[in-house]
Amino acid sequence: MSELFHVPFVSADREFEEIGQELLATIESVLRGGQILNGEPVYQLENALAVLGGRKYGRVVNSGTDALYFALVAAGVGEGDEVLLGDLSFVATVDAILRAGATPVFVDVDDDCTVDLDLAAEALGPRTKALVAVQLYGRMTDPYLLERFARENGLLLIEDAAQSLGAAVSGRRSGSVGVASCHSFDPMKVIPAPGTGGVVLTDDPDIAERVEQLRRWGFSGGDFVRLGHNSQMSSLTAAVIQVKLKHEERWLKRRRTIASTYSAGFDDGPCRVPEHGELRENVYHKYVLRTSRRDALAAALRAAGIETHVHYPYVLHELPFMERYPNRLIDRGRAKRLTKEVISLPIHPFLTDQEVDRVVTTARKALDV
Ligand SMILES: Cc1ncc(COP(=O)(O)O)c(C=O)c1O
């Protein structure tokens with residue numbers, strides 16, 4: 001890897017350069033305030049996130065994985081139920097389903113890398129209870145189609161919005177889809193927590209109440225009414241996320257500008273660029289190119305000091321631990337093919353124009369454009 005030039009995939013240090021003083025002042029005030037758990041910043045953040053998603057309730061928890069697991073359990077998904085999901089996602093999506101005691105039904109993805117609803121229809125069975133729709137890479141699947149599919153088939157729809165905070169399509173925001181939506185604040189996400197963090201957004205007071213219980217040892221009305229967990233977000237994390245939310249719009253603008261530069265740089269090449277329609281407010285959590293020359297491209301970028309990743313190098317149904325769990329699969333080989341073609345380019349908002357140009361020129365050369 002080039003010593004002189006390094007384009008990092010994420011950059012906490014550059015973020016700190018930009019907003020460090022604000023973060024330090026916030027952290028100091030939370031520590032001086034003394035209420036590390038159940039503090040005001042937690043409730044302020046929950047309200048802010050609920051407003052962003054157009055929802056009535058927000059319940060912050062310790063990770064996006066917990067958020068999904070709690071949302072499923074709170075919505076009534078459990079043992080004996082089947083849950084549909086696209087076969088291409090981060091492992092956490094299926095983790096949550098298995099932790100809830102349900103059986104995953106892996107459905108191959110469509111051209112947009114998200115669950116193919118025609119195949120999902122084929123996958124329906126008497127025990128199918130829910131669909132977990134992943135807004136992969138920060139780009140939303142049409143929420144009206146998802147909701148119609150769920151309604152017509154009597155399914156609970158849970159939005160795995162871990163990657164899509166701030167995304168919208170046709171006036172609908174990510175966070176507003178289905179009975180519950182779950183965002184993540186993992187350090188690689190659009191708004192990174194200092195550690196892990198997640199939230200469940202819902203309009204259903206019963207779901208909100210059950211998530212409340214699940215995140216605090218089953219506590220409700222002065223007693224421990226069910227088996228629960230300890231998944232509380234600290235006031236420090238909540239306050240830091242709030243600070244970063246104030247900068248979200250500027251950072252998203254920058255991500256979109258970089259995405260436009262990439263798309264303009266590659267759309268005449270032997271690769272597929274993500275859709276960049278005006279109606280689709282993609283947040284470009286990841287900028288994912290698809291090319292049959294993926295490995296050569298990754299090697300050329302690595303040699304030039306440019307960090308890339310593959311999201312994802314696996315299909316969920318082939319994860320080693322899946323051998324131990326019952327599951328079903330509706331496969332057309334598309335997700336598997338994508339695992340060999342996708343490559344995520346750096347797209348954090350702290351990239352310089354020079355770095356972005358370097359990514360484009362190096363990649364074009366590697367792809368012989
Ligand atoms: C699609 C998807 N679902 C769920 C998660 C889980 O979120 P977390 O890492 O906060 O547990 C992530 C991210 O890590 C993700 O990308």
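**Notebook: a loop alanine, two cores and a patch**

I looked up alanine 162 and found it in the loop between strand E5 (156-160) and strand E6 (168-169). The model I am reading is a predicted one.

I then checked whether alanine 162 counts as buried or exposed. Its relative accessible area is 18%, and buried means under 20%, so alanine 162 is buried. Leaving aside neighbours within four places in sequence, I listed its contacts as Cys182, His183, Ser184 and Lys189. I also took its distance to leucine 329: the two are 167 residues apart in sequence and 23 Å apart in space, C-alpha to C-alpha.

Next I turned to the largest nonpolar core, which has 43 residues. The members that touch the most others are Leu45, Leu49, Leu84, Leu131, Phe185, Ile191 and Ile241. Among the elements that give two or more residues to this core are helix H1 (12-33), helix H2 (40-53), strand E4 (128-134) and helix H8 (235-266). H8 gives the most, with seven residues. At least three residues of this core come from each of domain 1 (13-242) and domain 2 (248-366).

I picked out leucine 84 and, again skipping neighbours within four places in sequence, noted contacts including Val105, Ala120, Leu131 and Phe149. Apart from this core lies another, of 33 residues, with Ala71, Leu85, Ala100 and Leu319 among them.

Last, I looked at the surface. Leu31, Ile36 and Leu37 make a nonpolar patch of about 240 Å². Leucine 37 sits in the loop between H1 and H2. Its relative accessible area is 39%, and I entered leucine 37 as partly exposed.

Definitions and conventions: Residues are numbered from 1 along each chain as its sequence is written. This is a predicted model: local features need pLDDT of at least 70, side-chain atom pairs count only at pLDDT 80 or more; totals for chains, interfaces and linings use all residues. Side-chain values use heavy atoms; hydrogens and water are left out. A nonpolar core is a set of buried Ala, Val, Leu, Ile, Met, Phe, Trp, Tyr and Cys residues joined through side-chain atoms within 4.5 Å. Buried means under 20% relative accessible area, exposed over 50%, partly exposed in between (1.4 Å probe, protein chains only). Helices (H or I, at least four residues) and strands (E, at least two) are DSSP runs, numbered from the N terminus. Domain bounds come from an automatic or database domain assignment. Contact means heavy atoms within 4.5 Å. Patches are made of residues with over 30% relative accessible area and no salt bridge: like charges are joined within 9 Å, nonpolar side chains (Val, Leu, Ile, Met, Phe, Trp, Tyr) within 5 Å. Accessible areas come from the Shrake-Rupley method with a 1.4 Å probe; for residues, only the protein chains shown count as cover. A salt bridge is a side-chain nitrogen of Lys or Arg within 4 Å of a carboxyl oxygen of Asp or Glu.
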